[in-house]
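The following exercises concern charged side chains and their surroundings. Please work through each task before reading its solution.

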Amino acid sequence: MKRKVLSVLLCAGLAVSVLAGCGSNDGGSTGGSDSGSGDAAESSDMQYVKDKGTLIVGITNFEPMDYKDESGEWVGFDADMAKAFAESLGVEVEFVEIDWDNKILELDARSIDCVWNGMTLTDEVTSSMACTNAYLNNAQVVVVPSDVADQYQDVDSLSGLSFAVESGSAGEEQVSALGLEYTPVTAQADALMEVAAGTSDAAVIDSLMAGAMIGEGTAYADLTYTIGLNSEEYGVGFRQGSDLAEELNNFFAQSYEDGTMQEIAETYGVQAALIEQ
């Protein structure tokens with residue numbers, strides 16, 4: 001009986017030793033490896049972008065910031081600046097149209113690397129992303145058919161109008177704050193189409209877009225903008241903690257100093273809105 005007990009105890013002790021040894025080896029090597037690679041991957045968003053070779057930019061169709069030319073290439077002030085920034089990093093640029101309302105989700109899911117599309121620096125944006133310094137001034141303006149523009153020259157006159165606004169935009173924020181009736185649409189360009197088609201009485205869009213897309217000589221010659229609802233600034237957003245935000249700040253400063261930023265701004269008629277870097 002004693003021999004059996006001794007045998008059982010020896011076997012049990014051996015099993016514990018083997019299991020402990022396996023646990024130590026697996027945990028030490030696997031845990032150390034995962035931790036090291038994870039820290040390396042998460043420590044530098046810039047290195048992550050360089051390793052994969054592309055900077056994926058989340059945008060919407062928004063002239064004069066990001067829009068397609070006749071050849072189907074994405075152009076605009078933001079698009080051209082993004083191309084130049086990607087080149088400075090030694091990577092390719094890829095533009096992906098996103099649902100503006102989901103921009104933070106897209107960024108956190110790594111389906112895009114940044115949001116660079118005339119993005120207003122709101123409290124929601126700055127608390128959810130690593131943002132650059134402001135680079136352009138902007139405002140939200142009311143767009144109506146030209147033949148009724150004289151009727152809508154102040155905020156009080158807007159009561160009773162039905163608005164179209166981009167979902168999740170600064171325009172939606174302004175209209176909502178005023179308690180006005182509105183329909184959210186996918187993009188600011190869609191808001192203009194709603195007004196042109198007569199399905200909405202008015203739209204609220206960025207002043208820079210209004211200057212480029214409505215009025216004489218544009219596709220929306222019968223539309224005009226009347227009052228401004230606010231003043232705001234544009235910035236670019238990266239994932240929280242990203243080192244790319246500061247890298248882009250440095251790139252903005254260099255581009256402003258050497259005149260590149262002004263030259264690109266003049267190409268798209270936004271030079272008056274530039275903020276000194």
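**Exercise 1: a buried acid**

D45 is buried, with a relative accessible area of 8% (buried means under 20%, exposed over 50%, partly exposed in between, with a 1.4 Å probe and protein chains only). The model is predicted: local features need pLDDT of at least 70 and side-chain atom pairs pLDDT 80 or more, while totals for chains, interfaces and linings use all residues. Residues are numbered from 1 along each chain as its sequence is written, and side-chain values use heavy atoms, without hydrogens and water.

Task: State with which residue D45 forms a salt bridge at 3.8 Å, and explain which parts this pair ties together.

Solution. Step 1: the partner is R110, with 3.8 Å between the closest N and O atoms; a salt bridge requires a side-chain nitrogen of Lys or Arg within 4 Å of a carboxyl oxygen of Asp or Glu. Step 2: D45 lies in helix α2 (residues 45-52) and R110 in the loop between α4 (103-108) and β5 (114-120), so the pair ties together parts 65 residues apart in sequence. Step 3: R110 is partly exposed, at 34% relative accessible area.

**Exercise 2: extending the network**

Task: Determine how D45 and D113 are connected to R239.

Solution. Step 1: D45 forms a salt bridge with R239, the closest N and O atoms being 3.2 Å apart. Step 2: R239 also meets D113 in a salt bridge, at 2.9 Å from N to O. Step 3: both R239 and D113 are buried, R239 having 7% relative accessibility. Step 4: D45, K52, R110, D113 and R239 are thus linked in a network of salt bridges.

Note on methods:
Helix = DSSP H or I, 4+ residues; strand = E, 2+ residues; numbered from the N terminus.
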